[in-house]
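Grab a pencil and keep the model open beside you. Try each exercise yourself before you read its solution.

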Amino acid sequence: MKRERSKKYFWLQRLRILTQAGFFLLFFVLFLQTHYPGEDYLKITVERFFHFDPLLLLATSIASRAIFAALLLSLITVAATLLFGRFVCGWLCPLGAVHQFFSFIFKKTRLLKPARDDEASLAPKYLILFVVLAATLLSLNLVGYLDPLSFLYRSFAVFISPLLNLGLAQSGNLAYGLGLKSLGQAISQTAGNLALNGIFQNALLIGVFFLLAVLLNTRKERFWCRYLCPAGALLAIFSRFNLFKLKIDPDKCINCHLCSIHCQTNARPYPVGEWRSPECIYCETCAAICPTAAISFPLRWQAEKMKGVNLDRRRVLLTSITGLVLAPIFKISPLRRRPSPALIRPPGALAEPEFLSRCVKCGECMKVCPTNALHPALTEAGPEGVWTPVLVPRIGYCEYYCSLCTQVCPTGAIRELTVEEKVTVKIGTAWVDKNRCLPYALGKPCIVCEEHCPVSPKAIQLIKVDTLTPEGVLATNLAPFVNVDACIGCGICENKCVVQDLPAIRVSSVGEQRSSHNQLVLPVFEEQDELKT
Amino acid sequence: MERRDFLKNLIVGGLVLKLPPGVLAQPSVPELAVVEGESPAAITREAIKVLGGMSRFISRGDKVLVKPNIGWDRTPEMAACTNPEVVAALVAMALEAGAKEVIVMDHTINQPKRCYARSGIQEAARSAGAKVLFTDEQRLKKMTIKGEWLKEWEVFQDFVEADKLINVPVAKVHSLSRVTLGLKNWLGAIGGNRNQLHQKIDQAVVDLGAFFKPALTVLDAYRVLFRNGPQGGRVSDTRLQKTVVAGVDPVAVDAYGATFFEIKPQELAFLRLAQNRGLGKFELEKVRIEKRAV
């Protein structure tokens with residue numbers, strides 16, 4: 001018999017690879033565009049990818065009991081999946097493209113040797129999905145940890161971005177070292193315009209998770225997509241019709257198993273009748289690799305009996321209960337008693353419970369922040385707040401006229417604000433540490449915090465302070481005094497304080513406008529004043 | 001003497017006498033030009049003209065660095081940064097005078113890209129023909145400042161490599177040095193922990209002023225910040241002064257700048273230190289000042 005591979009599916013496969021590359025590139029360009037564009041408002045919706053993710057719509061809507069309108073775009077994804085199956089995973093998902101790319105590399109380098117009859121259960125991703133969804137019933141939003149877009153964006157924002165920044169700086173340095181001044185200049189100006197953030201707390205941890213996810217591809221092709229991805233699992237549940245149905249021509253098939261061995265998601269194109277259509281991502285590998293062009297995907301309108309992954313009812317029930325039990329455990333936290341002083345949220349962040357129910361830890365706000373002020377929390381926000389954004393003034397401060405983080409949040413956990421609205425939002429309060437502040441403690445002049453305070457009139461005022469020095473001299477200097485009502489907690493004072501290790505003025509979350517209980521009871525002071533007079 | 005010679009002398013002599021006296025007499029260019037007017041660009045141009053034109057300061061083929069104050073993420077009407085039109089006018093004049101290249105840069109305090117964009121300086125200077133560059137950490141080098149207090153500090157090499165420096169500060173109040181004018185503007189040419197300099201700010205600005213030695217200082221007092229300095233925040237913190245002060249003597253320029261804030265130059269410690277250092281003179285009565293209005 002004539003052995004010839006299908007030309008049509010060869011080209012279709014190439015087209016798929018091209019589409020994947022294109023969508024990854026789009027994702028990356030939007031990632032780089034998530035920065036200060038030279039004007040106050042971003043012109044493009046840089047977070048658009050997220051709006052097409054039905055898992056985010058489902059999870060955040062249930063958890064927050066509210067629907068964020070932009071996420072309704074994901075209904076398009078749902079409709080397309082209903083008709084055509086999980087082509088989104090195979091053709092469009094940027095994390096899928098990353099995993100596909102590394103699976104390909106690992107196969108070529110023999111680090112990954114696909115097995116002939118892989119019986120490993122594909123159920124874990126469904127169970128993960130059920131845990132996540134069950135938890136949302138009790139307002140616990142865990143979706144961000146394994147949602148593919150959140151996972152990829154977070155890894156890029158927190159881990160890849162500093163690496164890119166370092167690479168740019170080093171290559172600029174090298175160019176100058178080699179005497180290529182104009183090249184060095186071009187590199188440094190590009191870096192200045194890209195404004196990539198160079199430092200993140202917990203970057204290593206997030207990076208390790210990303211590398212681990214990539215390395216899992218040495219175990220199985222597209223390990224993440226097969227076993228872990230809750231979004232893929234959700235799409236699998238939605239893929240009902242699969243209008244393009246796999247067909248093996250029995251006259252041509254030589255039972256070589258190639259299609260099954262190289263199926264990216266172990267959807268079993270072979271033997272005939274075993275095809276698990278909800279697992280198929282339409283990568284077209286089987287049809288392209290078939291040595292006799294026996295496999296095709298003709299359009300067939302009639303619904304067929306679906307052969308999905310066997311999820312027995314007991315396991316589904318058990319995992320759902322697990323999700324329900326997890327929720328209260330995640331909510332055990334001292335933060336429910338007392339707010340954390342270090343938990344300074346970006347301006348526009350909703351009140352903490354609502355914020356947590358919506359935030360998907362994607363890192364958009366961390367990427368767009370021009371001063372590198374927002375960082376993924378580890379312990380600051382309690383167990384359910386891991387990787388949520390927290391402002392760390394010692395690394396970056398909140399730029400007064402900037403509302404970028406409020407413009408990019410894909411789920412509305414940070415409410416969109418105009419610049420005019422943003423400058424009025426109080427996210428914390430600055431406190432002077434008189435034991436470390438130069439005029440107070442050493443009798444030396446320094447007004448750096450006052451100088452940098454962006455509020456007008458300034459929230460940091462200067463008072464004359466006498467400090468007795470060991471020589472017995474009274475050193476009189478101007479010293480900072482914080483007007484707590486005027487202070488918005490932006491943290492530039494802490495950021496610019498000359499005391500490097502532990503600044504002499506520090507911002508804590510108290511007074512944050514979004515909280516009704518994390519407040520100082522200032523009226524008491526006024527009453528005392530009245531009593532005196 | 002023959003009749004022909006007599007006639008010749010008569011004609012030549014008559015012509016000479018017809019010429020304005022300045023041409024033959026020693027020219028007395030003022031040391032300080034103070035020009036007032038509605039257009040920031042026009043008063044800047046007039047001020048340089050009064051001083052004898054840009055070609056007095058810039059030679060053909062020079063690499064020029066114009067150093068405005070782009071320190072803050074503030075729009076021009078806040079008067080926290082130098083007026084973009086003043087900067088652009090100087091860039092254009094330097095190029096007209098034959099400069100090979102004009103660079104505009106400042107080590108900002110707020111995020112650089114935001115300061116460059118929102119101050120309006122990036123766009124204005126670029127369309128005037130300048131190369132507007134962000135400062136680059138890779139170009140910092142520890143240098144001997146030879147100051148009274150600052151012995152060495154990290155300096156951006158662009159400022160050292162330029163043939164001519166033009167300092168274009170904006171006039172603002174400051175809670176420690178009382179005013180921030182030309183000498184203090186050099187804090188934007190250095191790296192390191194600049195905020196430590198505030199512990200001896202008057203000496204620091206004099207040491208830096210002595211190190212950088214600009215060819216020309218042009219103080220933008222079109223809109224001055226008289227309250228809530230050095231960044232303001234409300235238009236009501238500013239006042240329209242519609243003036244530009246230009247001169248070679250950086251101390252005289254700053255001394256004149258102080259008068260916008262009702263401060264006598266002798267009250268400012270850094271001006272006294274600067275004069276003692278030989279950077280210039282702050283006693284304005286000893287300075288040849290020409291005032292004009294456009």
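**Exercise 1: where two chains meet**

Work out how many residues each chain brings to the contact between chain A and chain B, and which helix of chain A gives the most.

Step 1. Count both sides: chain A puts in 36 residues and chain B puts in 25, where contact means that C-beta atoms, placed from the backbone, lie within 7 Å. This is a predicted model, so local features need pLDDT of at least 70 and side-chain atom pairs count only at pLDDT 80 or more, while totals for chains, interfaces and linings use all residues. Residues are numbered from 1 along each chain as its sequence is written, with chains lettered from A and ligands numbered from 1 in the order in which they are written.

Step 2. Look for helices (DSSP runs of H or I, at least four residues; strands are E, at least two; both numbered from the N terminus). On the chain A side, α9 (148-177), α10 (181-194) and α22 (448-452) each supply at least two residues. The top giver is α10(A), with six.

Step 3. Sort the chain A side by class: 19 nonpolar, 11 polar and six charged residues. Here Ala, Val, Leu, Ile, Met, Phe, Trp, Tyr, Cys and Pro count as nonpolar, Asp, Glu, Lys and Arg as charged, and the others, Gly among them, as polar.

**Exercise 2: a helix under cover**

Decide whether helix α3 (residues 40-50) of chain B is mostly covered or not, and find what its buried residues pack against.

Step 1. Count the buried residues (20 or more other C-beta atoms within 10 Å of their own; exposed is 12 or fewer, partly exposed in between). Nine of the 11 residues in α3(B) pass, so to speak, and the helix is mostly covered.

Step 2. Name some of them: B:Ile43, B:Ile48 and B:Val50 are among the buried ones, and they include B:Arg45 and B:Glu46 too.

Step 3. Find the neighbours. The buried residues of α3(B) pack against β1 (32-36), α4 (84-96), β10 (216-225), β11 (238-247) and β12 (289-293) of chain B.

Step 4. Check what follows α3(B): you'll meet B:Gly52, with a positive phi near 110 degrees.

**Exercise 3: zoom out**

Describe chain B as a whole.

Step 1. Chain B has 10 helices and 12 strands.

Step 2. Buried residues make up 57% of its 294 residues.

Step 3. Take contacts in chain B with a separation of 6 or more: 75% of them join residues 24 or more positions apart.

Methods:
Contact = placed C-beta atoms within 7 Å.
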